Amino acid sequence: MQGIVNDNAQYSKLVLACGYRSKFRETDLSQILEEESTEAAVKEAAEVSMGTDITDLDKINIQSLAEQVLSMTEYRIQLFDYLKNRMNAIAPNLTILLGELVGARLISHSGSLMNLAKQPASTVQILGAEKALFRALKTKHDTPKYGLIYHASLVGQAAPKHKGKISRVLAAKAALATRVDALSDETSEHPDTTIGYEGRAKVEARLRQLEGGDGTVILANKDGKLTAAKTAKYVPTAAKASAVAPAYNDASDMVLDEKEKKSAKKDKKKRKAEEENDDEAPAKKAKKEKKEKKEKKSKKEKKEKKSKK
């Protein structure tokens, strides 16, 4: 039956309704199972199954466990509804971007919404991956690209090679949305969620662009309606062609007097002579050393000749 009914709540309801395997054929399962084909498959599996019969004590324990599963499932649904309402009230823009669960995890990890608003986008991106970050810094390996933000639906939609880029863009938008939520007026009945919708639209446009689509961004205007706007693409050749060349301005030229011209020429000649002297100095020194060596050699030869005589 586990292969036929995947939902834990439905499985528990079937166990409570039937109890023994022999009662599946007699019991009406239409209220629990919506599809007739699934109901027929469960009844057929109950007849064909070769499992051993259970005792009354086993039945009591199994049914009590099924009741616990159902109560926990109901509590989970209630808890999610509570979280959804609280997140929409506290951080509506962050909820639009990341979802209720991921937004709540980020706030919980930071300590409060204000603490999260103080964090830069780079910290929001890797929040929750501190161990991996410090391990990477210690071993001098690549640092992690995402933390808790990895579980956001927008990151999940991206291809594996684009997840890092999308998580960076999403973290930047989430940081802005968090600051708006933390510092906006809490007393207002209808909070402004424009930045949340616009941020999500831009992240989705970036995702389409990475996947080879166009970079159309759907933005919310003043009326609250969504309008499509295409992001400008930078083309170097078009930019050069559209750029206007600056005209030559004669008035900005500096004109020198006759005296200044003569002094400038003298300074130029003087600098040139100094440069030539600097270049010639090593050559002159080498020539002088060579001459001295030659003179010493000739004196030595003369002495030797005299001593032989």
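Here are a few worked exercises on a predicted model.

**Exercise 1. Get an overview of the protein: what does its secondary structure come to, and what share of its residues is buried?**

Step 1: start with the secondary structure, which comes to 13 helices and two strands.

Step 2: turn to burial. Out of 309 residues, 25% are buried.

Step 3: look at the outside. The accessible surface comes to about 23600 Å², and carbon and sulfur atoms own 53% of that.

Step 4: check the contact range. Take contacts between residues at least 6 apart in sequence; 47% of these join residues at least 24 apart.

**Exercise 2. Work out how α1 and α3 pack, and say whether S12 is buried or exposed.**

Step 1: get the geometry. The axes of α1 and α3 are 9 Å apart, and the packing angle is about 145°. The crossing of these two helices is left-handed.

Step 2: list who does the touching. On the α1 side you'll find N8, A9, S12, K13, V15 and L16, and on the α3 side I62, Q63, A66, E67, V69, L70 and T73.

Step 3: zoom in on S12, which sits in helix α1 (residues 8–18). Once neighbours within four places in sequence are set aside, S12 contacts A66, V69 and L70.

Step 4: settle the burial. S12 has a relative accessible area of 5%, and the cut-off for buried is under 20%, so S12 is buried.

**Exercise 3. Find the surface patch that includes L79: which residues form it?**

Step 1: place L79. This leucine belongs to helix α3, which spans residues 56–90.

Step 2: classify L79. Its relative accessibility is 43%, so L79 counts as partly exposed.

Step 3: collect the patch. Y75, L79 and Y82 make up a nonpolar patch on the surface, and together they have about 360 Å² of accessible area.

**Exercise 4. Which helices do the buried residues of α5 pack against?**

Step 1: pick out the buried residues. In helix α5 (residues 100–110) they are E100, V102, G103, A104, L106, I107 and S110.

Step 2: find their partners. These buried residues pack against α3, α4 (92–98), α6 (113–118) and α7 (121–125).

Step 3: see what follows the helix. After α5 comes G111, with a positive phi near 110°.

Step 4: compare K140, a residue other than glycine that has a positive phi too, near 60°. K140 sits in the loop between α8 (130–139) and α9 (153–157), and its relative accessible area of 77% makes it exposed.

**Exercise 5. Explore helix α11: which side chains meet in a salt bridge, and what does I195 touch?**

Step 1: recall the principle. Side chains of opposite charge can pair when their charged atoms come close.

Step 2: find the pair. R200 and E204 form a salt bridge, with 3.4 Å from N to O. With the cut-off at 4 Å, the count comes to one salt bridge.

Step 3: explain the spacing. R200 and E204 are about one helical turn apart because they lie four residues from each other in helix α11. E204, at 28% relative accessibility, is partly exposed.

Step 4: move to I195, which is also in helix α11 (residues 194–210). I195 has a relative accessible area of 31%, so it is partly exposed.

Step 5: list its contacts. Not counting residues up to four places away in sequence, I195 touches N93, L176, A177 and V180. For A177, 18 residues away along the chain, the C-alpha separation from I195 is 6.4 Å.

Methods. Residues are numbered from 1 along each chain as its sequence is written. This is a predicted model: local features need pLDDT of at least 70, side-chain atom pairs count only at pLDDT 80 or more; totals for chains, interfaces and linings use all residues. Side-chain values use heavy atoms; hydrogens and water are left out. Patches are made of residues with over 30% relative accessible area and no salt bridge: like charges are joined within 9 Å, nonpolar side chains (Val, Leu, Ile, Met, Phe, Trp, Tyr) within 5 Å. Accessible areas come from the Shrake-Rupley method with a 1.4 Å probe; for residues, only the protein chains shown count as cover. Buried means under 20% relative accessible area, exposed over 50%, partly exposed in between (1.4 Å probe, protein chains only). Contact means heavy atoms within 4.5 Å. Axes are lines fitted to C-alpha atoms, for helices over the stretch in contact, and angles run from 0 to 180 degrees between N-to-C directions. A crossing is left-handed if the near helix is turned anticlockwise from the far one by less than a right angle, and right-handed if clockwise.
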